[in-house]
Amino acid sequence: MAKIRMVSATGALFLLASCAPYTSQLQRDALNQTVPSGSLFTQRLTVEYRDLANFDAEELDSSENGAHFSRKGMEAATGQVVAPEDPAKWNIADGEAGQLLQDRGKLVDLLNKGGREAAPDAAAVAQARFDCWVERAEKADAADESVCRSQFYAAMDQVTAALNKPAPPVVQAPVDELHTAMFLVFFDWNKSRLTPSAATVVDTVVS
């Protein structure tokens, strides 16, 4: 009886393992067919996660990570604010994990200060490239990791520049232009009393 249970458990584990790529494919198909909604930031983030999920599954043969980023993409597609990856939850060497945690703090700070609204495209790229950097750091893929990291920093610079961009100056109209507006009012026939509608116009001009 114990042997039967062991065989059954082994079969179940094999079945789950064999189903994982299929499940990942279904999730990516759903994301690929989804029309993103929400803000400009979440719409662009959906596209970024879609591309990341497809690359993971098709080029890196990582169905697990492909499924993970597909789920994040689907959340972004509904307009949800999806957080960047937490490096502490990935198996990354301590030295690099510290750098990633520091840069994640800078990213979250820029996003919370209005980066999503000031530069939605660059902010979405920054978040997606950060997640890519985290993933590649766990895989210890130096080449791909370097690309994701450099693109992350470039996007961060764009978001920072957008947030630091001075507001356009308020142009005050010249004084003579402030007195060029004309208003027409009427009096009652052969009387000096304003009509009710004319009195309303006068009140509006005064206010």
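This passage walks through the fold, the core, the disulfide and the main pocket of a predicted model.

Starting with the overall layout, the chain turns out to be helices through and through: seven helices and zero strands. Following the sequence from start to end, the pattern reads α-α-α-α-α-α-α. The chain has 207 residues, and 31% of them count as buried. As for how the chain meets itself, take the contacts with a separation of 6 or more: 63% of these come from residues 24 or more positions apart.

Next comes the inside. The largest nonpolar core holds 31 residues, and the ones touching the most other members are Leu-45, Ile-92, Leu-100, Leu-107, Phe-130 and Phe-152. Several helices chip in here, with α2, α3 (63–77), α4 (94–118), α5 and α6 each giving two or more residues. The biggest giver is α5, which supplies ten residues to this core. Phe-130 is a handy residue to look at up close. Setting aside its neighbours within four places in sequence, Phe-130 is in contact with Pro-84, Glu-85, Pro-87, Leu-100, Asp-103, Arg-104, Leu-107 and Phe-152. Three of these partners, Leu-100, Leu-107 and Phe-152, also turn up with Phe-130 in the list of core residues that touch the most other members.

Then there is the matter of cross-links. Searching the whole structure brings up one disulfide. Its two ends are Cys-132 and Cys-148, with an S to S distance of 1.9 Å. This pair ties together distant parts of the chain, since Cys-132 sits in helix α5 and Cys-148 in helix α6, 16 residues apart. Both cysteines, Cys-132 and Cys-148, are buried.

Those two cysteines, Cys-132 and Cys-148, show up again in the lining of the largest pocket. Rolling a probe the size of a water molecule over the atoms is a way to see where empty space remains. In the largest pocket, that space comes to about 190 Å³. Besides the two cysteines, the lining takes in Glu-48, Asp-51, Leu-52, Phe-55, Ala-128, Arg-129, Arg-136, Asp-144, Val-147 and Gln-151. The elements giving two or more residues to this lining are α2 (40–58), α5 (120–139) and α6 (142–164). Sorted by class, the lining of the largest pocket is a mix of six nonpolar, five charged and one polar residue. Helices α2, α5 and α6 thus have a hand in the pocket lining, and each of them also gives two or more residues to the largest nonpolar core.

How values were computed. Residues are numbered from 1 along each chain as its sequence is written. This is a predicted model: local features need pLDDT of at least 70, side-chain atom pairs count only at pLDDT 80 or more; totals for chains, interfaces and linings use all residues. Side-chain values use heavy atoms; hydrogens and water are left out. On a 1 Å grid over the protein atoms alone, a cavity is a set of points where a 1.4 Å probe fits but cannot get out, and a pocket is an open set with protein on both sides within 12 Å along at least five of seven lines; lining residues have an atom within 4 Å of a point. Grid points are joined across faces, edges and corners, and a volume is the space filled by probe spheres set on the points. Helices (H or I, at least four residues) and strands (E, at least two) are DSSP runs, numbered from the N terminus. Ala, Val, Leu, Ile, Met, Phe, Trp, Tyr, Cys and Pro count as nonpolar, Asp, Glu, Lys and Arg as charged, and the others, Gly among them, as polar. A nonpolar core is a set of buried Ala, Val, Leu, Ile, Met, Phe, Trp, Tyr and Cys residues joined through side-chain atoms within 4.5 Å. Buried means under 20% relative accessible area, exposed over 50%, partly exposed in between (1.4 Å probe, protein chains only). Contact means heavy atoms within 4.5 Å. A disulfide is a pair of cysteine sulfur atoms within 2.5 Å.
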